Amino acid sequence: MSVIDVAERKGRYRAASFYFFGAMSLATLCWSMARPDSDFLRGLWVGLTFAAAANLLPLARWLKPSSEIARLLDDDGVREHRRISCTAGFWTAVVSSLVVAMAVELRAPLGPLDAIRVVATAAIAVALVSFATLELRAARG
């Protein structure tokens with residue numbers, strides 16, 4: 001198996017894992033908001049959200065700059081997909097913060113920490129799904 005084949009396989013695996021991280025971030029947010037007394041669920045949400053955000057960074061390229069596979073997994077197309085997905089996440093954060101502000105203004109029972117968690121989760125989930133979708137489309141050719 002060539003280096004290119006390995007990089008393509010890892011890229012598809014990374015994209016699939018981003019769908020999983022996005023879904024799990026949303027699920028843990030819902031579970032932790034349904035059970036606000038559960039410190040475990042809140043900690044799980046923090047850990048998953050942090051891991052999801054860290055996975056959007058080019059960590060392999062930073063940690064292994066001389067690796068051929070890391071270079072293939074962070075080429076110009078991937079950097080452009082990362083930029084597009086982070087832009088989508090930014091605009092999701094803006095829109096979701098406005099929606100949360102309107103909901104709170106209408107007396108929705110939402111505390112400040114929950115409002116922040118909703119905005120952060122929406123932004124991360126959209127960025128992950130956007131990146132994964134762009135990567136899988138590019139892999140199909």
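In this predicted model, the largest pocket holds about 430 Å³ of space. Its lining is made up of 20 residues, and those nearest the centre are Lys10, Arg14, Asn55, Ala60 and Leu73. Four helices, α1, α2, α3 (59-63) and α4 (68-72), each bring at least two residues to this lining, and the largest share, six residues, is supplied by α1. Sorted by class, the lining of the largest pocket contains 11 nonpolar residues, together with three polar and six charged ones.

The second largest pocket offers about 320 Å³ of space. Here 16 residues form the lining, with Glu8, Leu72, Val78, Glu135 and Ala139 lying nearest the centre. At least two lining residues come from each of α1, α5 (76-105) and α6, and α1 gives the most to this second lining, with six residues. The classes represented in the lining of the second largest pocket are nonpolar, with eight residues, charged, with five, and polar, with three.

Val78 also leads into the interior of the model, as this residue belongs to the largest nonpolar core. That core comprises 12 residues, and alongside Val78 are Ala15, Phe18, Phe21, Leu48, Ala52, Leu56, Ile124, Ala127, Leu128, Phe131 and Ala132. Helices α1 (3-34), α2 (39-55) and α6 (112-140) each contribute at least two residues to the core, and the largest share, five residues, is that of α6. A handy general point for reading such a cluster is that nonpolar side chains in soluble globular proteins tend to be buried together.

Within the largest core, a look at Leu48 is worthwhile. Leaving aside residues up to four places away in sequence, Leu48 touches Phe21, Met24, Ser25 and Thr28. Another core, of five residues, lies apart from the largest one and includes Ala93, Val100, Ala115 and Val119.

Helix α5 deserves a closer look of its own. With 30 residues at 1.5 Å a residue, α5 should span 44 Å, and the 43 Å between its end C-alpha atoms therefore agrees with that expectation. The buried residues of this helix are Val78, His81, Arg82, Ser85, Gly89, Thr92, Ala93, Ser96 and Val100. These buried residues of α5 pack against α1 and α6. Two of the residues just named, Ala93 and Val100, are members of the five-residue core described above, while Val78 is part of the largest core and also lies among the residues nearest the centre of the second largest pocket. After α5 comes Arg107, with a positive phi near 70°.

Terms used. Residues numbered from 1 in each chain as written. Predicted model: local features only at pLDDT ≥ 70, side-chain atom pairs only at ≥ 80, totals over all residues. Heavy atoms only, no water. Core = buried A, V, L, I, M, F, W, Y, C linked by side-chain atoms within 4.5 Å. Buried < 20%, exposed > 50% of the residue type's maximum accessible area, 1.4 Å probe, protein only. Contact = heavy atoms within 4.5 Å. 1 Å grid on protein atoms, 1.4 Å probe; cavity = no way out; pocket = protein on both sides within 12 Å on 5 of 7 lines; lining within 4 Å. Points joined across faces, edges and corners; volume = space filled by probe spheres on them. Nonpolar A, V, L, I, M, F, W, Y, C, P; charged D, E, K, R; others polar. Expected span 1.5 Å × (residues − 1).
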